[in-house]
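Below are some notes on the model you sent, set out as numbered points. Please read them with the sequence and the coordinates open beside you.

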Amino acid sequence: LNTAKVPLTIGVTPKNNVYEVVLEYDGGKYIPWEMNLLSSCISVLAENLSSTDPKSELATLPMVSSSESAGLLELGTGERIDYDHSETFVDQFLRSSSLYRDSVAVVDGNSMITYGELDAKSDVLASYLSGLGIGKDAFVAIMLPRVKEFVVAVLAVWKAGGAYLPLGSEYPKDRIKFMLEDSEAKVMLTDSKMWQEMADIEFPALSVIKLDEFDFSTAVEPINRAEADGLSYMIYTSGSTGEPKGVMLEHGNLRAFDEWIVRLVDMKAGDAITEHASFSFDGSCLDLYPALTVGGQVHILSDDIRHDLPALVEYFAANHIKGCFLTARLASELLENFNLSLEYLMAGGEKVVRFRTCGVRVMNAYGPTECTILSTCGTIDQSFPEDNIPLGRPVPNTYAVIVDTNGNMVPRGM
């Protein structure tokens, strides 16, 4: 007689000018904490019903009290870290360059460049771009293969005050043309071979600079016109309609991100990081820039190594690579099939799945492009028994909450 007839019954009875709500539930399916949460939601919803416009849609009414909302916000707040908000990546790089001028900054499949050379070459190109009218928030398209000159180009654009737009040569030509027109980019940095491949596309009012033909020997004054509130780059995503959508990020966003990554993985001068992601994917920023703020090395992987797992594992070991970011699928393949020499591995871009236990610190990294690469991150507990691996905690100086389709906070535990 004391057993619930159905998993859950909600009874509402008028009593002394109020309504009494009674929950009868199957203790084998629910626990008291869940029922207390449900009763609280019903109470809050009833209070909002009595005090809101009768024409309001029921779905728009919150089910979380103001005190519980404050608790959820506190729960979803990332740690606080302090840094100089007036600085940009360029300021941090120049500091590294002054300390480690003869140290290797960037390595590609064929050559390398020191901090001093990177600083000097980017100054020359930045001065030239400035002469073409590139300044704050002006976009410069960059289409280059996986070479160190990509970093020279980015740094030059930033020093001139502009923002870069990465273009993948594998993109359909109609997409490239759309991105150039939509961004109103007036300059493209490329090389002779890639430009030849684009020869049949009309680019009105576009100045093309082929870096393999550019004279980097000109003597110029140092330049740094990057500002924290200026745009740093624009990444085009597929967009919900299928048409590419440009997402613009400011230098202040990237500065905060770099500061966090450096602290997260204890990045130091001399540490070597590999860059695996496409330059047109914002995940590339995770490996390209933080290391250069502290005197580290960025190894831009060639396409041959990127697509050859044994060669990639061998490269990690031979070059004493500290860590990198990889798509979750690729990370899973490596973790399941190889013993990695890395200290850390960040996996993201898609759902992270379980992998065999290893000595590498593996992090689940999640975030849309609009949130400056990542919005949550957490070191994976490799003894965690469930397949649904947690997303981690909000990145520092941000917060993350779960909301419904109307923007109302979802109750804890739901």
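How many helices and strands are there in the protein?

1. Overall composition. The protein has twelve helices and 17 strands, and it should be kept in mind throughout that this is a predicted model. Along its principal axes the C-alpha trace spans about 90 × 50 × 40 Å, and of the 414 residues of the protein 46% count as buried. The accessible surface comes to about 20,800 Å², of which 51% belongs to carbon and sulfur atoms. Among contacts with a separation of 6 or more, 60% are accounted for by residues 24 or more positions apart.

2. A buried acid in α9. D287 is placed in helix α9, which covers residues 284–288, and I would draw attention to its surroundings. This residue is buried and yet has no salt bridge, for the nearest side chain of opposite charge, that of R146, is 8.0 Å away. A polar atom of the D287 side chain does, however, lie 3.1 Å from the backbone nitrogen of F325. If residues up to four places away in sequence are not counted, D287 touches I273, T274, E275, H276, V298, C324 and F325, so that F325 appears both in this list and as the residue whose backbone nitrogen faces the acid side chain.

3. The surroundings of Y236. This tyrosine lies in strand β9. Is Y236 buried or exposed? Its relative accessible area is 5%, and because the cut-off for burial is under 20%, Y236 counts as buried. Leaving aside neighbours within four places in sequence, Y236 is in contact with L165, R175, F178, M179, D182, S183, P244, K245 and G246. Two of these contacts can be described in further detail: the side chains of Y236 and D182 are joined by a polar contact of 2.6 Å, while the side chain of Y236 reaches the backbone nitrogen of S183 at 3.5 Å. As for K351, which is 115 residues from Y236 along the chain, the C-alpha atoms of the two residues are separated by 21 Å.

4. Salt bridges. The count of salt bridges in the model comes to 20, and a few of them deserve individual comment. K136 forms a salt bridge with E227, the closest N and O atoms being 3.1 Å apart. This pair links distant parts of the chain, since K136 sits in the loop between α4 (115–131) and β5 (139–142) whereas E227 sits in the loop between β8 (207–210) and β9 (231–237), 91 residues apart. K136 is partly exposed, with a relative accessible area of 42%, and E227 is likewise partly exposed, at 38%.

5. Further pairs and a network. The side chains of E20 and K15 meet in a salt bridge, at 3.5 Å from N to O; E20 is partly exposed at 35% relative accessibility, as is K15 at 43%. K268 and D266 also meet through their side chains in a salt bridge, at 3.4 Å from N to O, with K268 partly exposed at 42% relative accessibility and D266 partly exposed at 47%. Beyond such pairs, E87, R95, R255, E259 and R263 are linked in a network of salt bridges.

6. A nonpolar surface patch. Which residues form a nonpolar patch on the surface? They are I10, V12, Y19 and V21, with about 400 Å² of accessible area together. Strands β1 (8–15) and β2 (18–25) each supply at least two residues of this patch. V21, for instance, is placed in strand β2 and counts as partly exposed, because its relative accessibility of 37% falls between the limits of 20% and 50%.

7. The buried residues of α12. In helix α12, which covers residues 328–337, A328, L330, A331, S332, L334 and L335 are buried. An α-helix has 3.6 residues a turn, so residues three or four places apart point the same way. What covers the buried residues of α12 includes the helix α11 (309–318) and the strands β13 (321–327), β14 (344–348) and β15 (361–366).

How values were computed:
Residues numbered from 1 in each chain as written. Predicted model: local features only at pLDDT ≥ 70, side-chain atom pairs only at ≥ 80, totals over all residues. Heavy atoms only, no water. Helix = DSSP H or I, 4+ residues; strand = E, 2+ residues; numbered from the N terminus. Buried < 20%, exposed > 50% of the residue type's maximum accessible area, 1.4 Å probe, protein only. Lys, Arg positive; Asp, Glu negative; His and termini not counted. Salt bridge = Lys/Arg side-chain N within 4 Å of Asp/Glu carboxyl O. Polar contact = N/O pair within 3.5 Å; in protein donor to acceptor, adjacent residues only side chain to side chain. Contact = heavy atoms within 4.5 Å. Patch = residues over 30% accessible without salt bridge, like charges linked within 9 Å, V, L, I, M, F, W, Y side chains within 5 Å. Areas by Shrake-Rupley, 256 points an atom, 1.4 Å probe, with all protein chains shown as cover.
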